[in-house]
Structures are given as C-alpha cells and as structure tokens.
Amino acid sequence: MATQAPSKQQGHVHKWQDDKGFGFIETSSGASLFFHISEFRAQRRPEVGEAVVFDVGQDSQGRLQARQVQELSFVQQKMAEKNRQIRQRNRKRNAQAEFAAEQKKRLFLGIGFYGVVILLAATQKLSWLVVAWYAVLGIVTYITYGKDKAAAQKGDWRTPESTLHVLSALGGWVGALVAQTYLRHKSQKPEFRIVYYLTVIINLAGLLFVIMGGGLETLTDVLSGFL
C-alpha cells in the first residue's frame with residue numbers, strides 16, 4: 001500500500017509526456033520523481049519548468065513518486081490568504097478585547113464617581129439633591145446620546161453637539177461617557193472629545209467648589225427648582 005511523507009516538498013516539472021499523462025519532477029536536492037496526471041491538483045495540464053509542491057509516496061512496488069502535486073503559486077496564494085485571515089481575526093480579537101477593557105474601565109469610573117458623590121452626601125458634605133441631580137442628568141444624557149445616534153442612522157433631525165456638551169457640563173458627563181463607550185457614539189471625533197473633557201473638568205471644578213462650601217445653599221435652591 002502506498003504511503004506519503006509527512007511534509008511537503010518543492011521542485012519543478014522537468015519532463016512531461018502529455019500523450020501518456022505522466023512526467024517527472026526534479027526536487028530541490030536534484031532527485032527525479034515520477035508523477036501521474038491524476039496526482040496533479042489543477043484544472044489544467046502540467047507545464048515543463050513550473051514550480052510545484054508535492055508529497056512523496058510510494059507505488060505498489062515501493063518506488064518513490066510524487067503525490068498531491070500542486071502549483072507552488074497557488075499554494076503560496078492560499079497561504080497568504082490564510083495568513084491574512086488570521087491577521088484579520090487577531091486584529092478583531094484585539095479590538096474586541098480593547099473595547100471590552102475600555103467598557104469596564106469607563107463603567108468603573110462612572111460607578112466610582114457616583115460612589116464618591118453618595119459617600120460625600122452620606123457624610124453630610126454634599127446635599128442629596130446633588131446626588132439626585134447627577135443621577136437624573138446621567139440618565140437623561142445617555143438617552144439623549146441614544147436618540148441622537150438613532151437619528152444619525154435614520155437621517156433624521158440631530159441633537160446639536162452644544163446640547164450634548166451642556167448636559168455633560170451640568171453633570172451628565174458620566175452618562176455621556178457610558179454612551180460614548182457602549183453606544184459607540186461621538187467616540188471617534190477628536191474635536192468633540194476635547195470639548196467633552198473640558199465639560200468634565202468644568203463640572204468637577206464646580207462640584208469641588210460646592211464641596212469646599214462655596215455656593216452650596218444657592219446650588220441647592222437651584223436644584224430644588226428643577227427637581
């Protein structure tokens with residue numbers, strides 16, 4: 001029974017008798033191997049001089065011969081395509097892993113901020129109205145981002161970027177952060193991101209001002225009028 005070598009070899013067709021349907025392949029070591037047209041894996045006839053890839057097996061009499069003969073260019077093309085697909089899958093996995101890590105990081109940041117605000121309110125360093133304000137604005141801002149993305153996909157009337165920034169500056173920046181991550185909306189535009197970070201700084205500066213005792217009663221009165 002014929003057997004095959006475990007690995008592919010390269011060579012070139014140096015003789016071919018088309019009328020008889022067989023020829024010989026010269027290997028890289030200079031050996032000459034017989035092969036039959038039935039072992040040529042292409043929808044055409046072999047050509048003298050073309051590079052090929054093949055397995056080495058034995059016929060029923062134990063003589064070495066080439067099996068599973070393929071065009072070297074075809075094999076190289078398939079290998080290049082396979083490598084390209086592998087690279088694409090790897091890039092996709094890396095992008096998904098980075099996205100998942102970014103989601104967790106931003107979610108923890110939002111939870112951490114709300115946790116700090118709640119702790120400050122529990123220790124009477126901040127009004128619970130401020131906590132409620134941040135919670136409500138976060139939800140409103142997230143919903144507004146969602147509606148704006150839906151409008152962008154449908155070609156409907158969009159929410160002005162200035163409105164999104166105002167909501168963020170007033171305290172909805174956590175909702176905006178989560179929306180940018182999970183909805184993937186307004187997360188790629190550098191100009192928008194820069195202004196967004198400025199709104200975060202403005203809001204945190206205002207919060208710090210309140211915590212330090214500046215304008216707390218005035219802010220409470222304002223928030224009472226909204227809630």
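**Exercise 1. Determine how the radius of gyration of the protein stands against that of a compact globule of 227 residues.**

Step 1. The radius of gyration is taken over C-alpha atoms, and the globule rule is 2.2 Å times the number of residues to the power 0.38. For 227 residues, a compact globule would come near 17 Å.

Step 2. The protein has 35 Å instead.

Step 3. Along the principal axes, the C-alpha trace spans about 100 × 40 × 25 Å.

Step 4. The basis of these values should be stated. This is a predicted model, in which local features need pLDDT of at least 70 and side-chain atom pairs count only at pLDDT 80 or more, while totals for chains, interfaces and linings use all residues. Residues are numbered from 1 along each chain as its sequence is written, and side-chain values use heavy atoms, with hydrogens and water left out.

**Exercise 2. State which elements the protein contains and in what order they run.**

Step 1. Helices (H or I, at least four residues) and strands (E, at least two) are DSSP runs, numbered from the N terminus. The protein has 5 helices and 5 strands.

Step 2. From the N terminus on, the order is β-β-β-β-β-α-α-α-α-α.

Step 3. Contact means heavy atoms within 4.5 Å. Among contacts between residues at least 6 apart in sequence, 58% join residues at least 24 apart.

**Exercise 3. Test whether the span of α1 agrees with its 51 residues, and find what its buried residues pack against.**

Step 1. The expected span of a helix is 1.5 Å times one less than its number of residues. For the 51 residues of α1 this gives 75 Å; the end C-alpha atoms are 74 Å apart, which agrees.

Step 2. Buried means under 20% relative accessible area, exposed over 50%, and partly exposed in between (1.4 Å probe, protein chains only). The buried residues of α1 are L72, V75, Q103, R106, G110, F113, V117, L120 and A121.

Step 3. These residues pack against β1 (9–17), β4 (51–58), β5 (64–71), α2, α3 and α4.

**Exercise 4. Identify which helices supply the largest nonpolar core, and which of its residues touch the most other members.**

Step 1. A nonpolar core is a set of buried Ala, Val, Leu, Ile, Met, Phe, Trp, Tyr and Cys residues joined through side-chain atoms within 4.5 Å.

Step 2. The largest such core has 22 residues, of which F113, V117, L126, Y134, Y145, W173 and L207 touch the most other members. At least two residues of this core come from each of α1 (72–122), α2 (128–154), α3 (161–182) and α4 (190–211). The greatest share is that of α3, with 7 residues.

Step 3. Another core, of 13 residues, lies apart from the largest one; V13, L33, A42 and A66 are among its members.

Step 4. For Y134, neighbours within four places in sequence are left aside; the remaining contacts are F113, Y114, V117, G171, W173, N203 and L207.

**Exercise 5. Describe the surroundings of S168 and A176 in α3, and of R193 in α4.**

Step 1. S168 lies in α3 and counts as buried because its relative accessibility is 1%. Beyond residues up to four places away in sequence, S168 touches W173, Y196, T199 and N203.

Step 2. A polar contact is a pair of N or O atoms within 3.5 Å; within protein, one must be able to donate a hydrogen and the other to accept it, and residues adjacent in sequence count only if both atoms are side-chain atoms. The side chains of S168 and T199 form such a contact, at 2.7 Å.

Step 3. A176, also found in α3, is buried at 0% relative accessibility. Leaving aside neighbours within four places in sequence, A176 is in contact with T141, Y145 and Y196.

Step 4. R193 belongs to α4 and is buried, with a relative accessible area of 11%. Outside its neighbours within four places in sequence, R193 is in contact with R106, Q180, K186 and S187.

**Exercise 6. For Q124 and R184, give the sign of phi, the location and the exposure.**

Step 1. Most residues other than glycine have a negative phi.

Step 2. Q124 is not a glycine, yet has a positive phi of about 65°. Its place is the loop between α1 and α2, and with a relative accessible area of 74% it is exposed.

Step 3. R184, likewise not a glycine, has a positive phi of about 55°. R184 is found in the loop between α3 and α4 and is exposed, with a relative accessible area of 53%.
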